[in-house]
Amino acid sequence: MTTTFTEAATSKFANAGNVRIHYNEVGAGPVMICIHGGGPGANSWSTFTSNIEEFAREHRVLLVDLPQFGKSAKIAIDDPQLTTLASIMNDFMAELKIGSAAFVGNS
């Protein structure tokens, strides 16, 4: 049986520390966090849309819009970018009470 997920129906927000993060959530099971690349207009829904159905068969999939992208907060990043993003993802996982997750990235 095929399930069709929509961006609107799966859209959620969480506060990662003081940063508002947009994500889409589908499926159930072990957590898989998908992170898009850094190109203009990038977001996780458009990046992973063709994989969502398959990923969600066995995972709780979180398609995260990184800060400055998609519907997430457009924050200034003054410290090293990867360090800042790692800290925000740590806060995001803490907010959702996720102890561990598999990560899928795209660039």
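The following questions and answers examine how the terms used for this predicted model rest on computed values.

Q: What makes up the secondary structure of the protein, and in which pattern does it follow along the sequence?
A: The protein has four helices and five strands. Read from the start of the sequence, their pattern is α-β-β-β-α-α-β-α-β.

Q: How do you know whether the radius of gyration of the protein agrees or disagrees with that of a compact globule?
A: For 107 residues, a compact globule would have a radius of gyration near 13 Å. The protein has 13 Å, and therefore the value agrees with that of a compact globule. Along the principal axes, the C-alpha atoms fill a box of roughly 45 × 30 × 20 Å.

Q: What percentage of the residues of the protein count as buried?
A: Of the 107 residues, 40% count as buried, a term that requires under 20% relative accessible area. The protein exposes about 6,000 Å², of which carbon and sulfur atoms supply 51%.

Q: Why is the contact between Glu 7 and Lys 71 called a salt bridge?
A: The term requires a side-chain nitrogen of Lys or Arg within 4 Å of a carboxyl oxygen of Asp or Glu. In this pair the N to O distance is 3.1 Å, so the side chains of Glu 7 and Lys 71 meet in a salt bridge. Side chains of opposite charge can pair when their charged atoms come close.

Q: What makes the salt bridge of Glu 7 and Lys 71 a link between distant parts of the chain?
A: Glu 7 lies in helix α1 (residues 7–10), whereas Lys 71 lies in the loop between β4 (60–64) and α4 (81–95). The two residues are 64 residues apart.

Q: Why is Glu 25 called buried?
A: Glu 25 has 18% relative accessibility. Buried means under 20%, so Glu 25 counts as buried.

Q: Why is Lys 12 called partly exposed?
A: Lys 12 has 36% relative accessibility. Partly exposed covers the range between the 20% limit for buried and the 50% limit for exposed, and therefore Lys 12 belongs to this class.

Q: How do you know that Lys 12, Glu 25 and Arg 60 are linked in a network of salt bridges?
A: Glu 25 forms a salt bridge with Lys 12, with the closest N and O atoms 3.1 Å apart. Glu 25 also forms a salt bridge with Arg 60, where the closest N and O atoms are 2.7 Å apart. Both distances are within the 4 Å limit, so each pair qualifies. Glu 25 takes part in both salt bridges, and Lys 12, Glu 25 and Arg 60 are thus linked in a network.

Q: How many salt bridges does a search of the whole structure find?
A: The search finds four salt bridges. Among them is the pair of Glu 7 and Lys 71.

Q: Why is Ser 46 called partly exposed?
A: Ser 46, which lies in helix α2 (residues 44–48), has a relative accessible area of 45%. This value falls between 20% and 50%, so Ser 46 is partly exposed.

Q: What separates the C-alpha atoms of Ser 46 and Glu 7?
A: The C-alpha atoms of Ser 46 and Glu 7 are separated by 9.2 Å, while the residues are 39 residues apart along the chain.

Note on methods. Residues numbered from 1 in each chain as written. Predicted model: local features only at pLDDT ≥ 70, side-chain atom pairs only at ≥ 80, totals over all residues. Heavy atoms only, no water. Rg over C-alpha atoms; globule rule 2.2 N^0.38 Å. Buried < 20%, exposed > 50% of the residue type's maximum accessible area, 1.4 Å probe, protein only. Areas by Shrake-Rupley, 256 points an atom, 1.4 Å probe, with all protein chains shown as cover.
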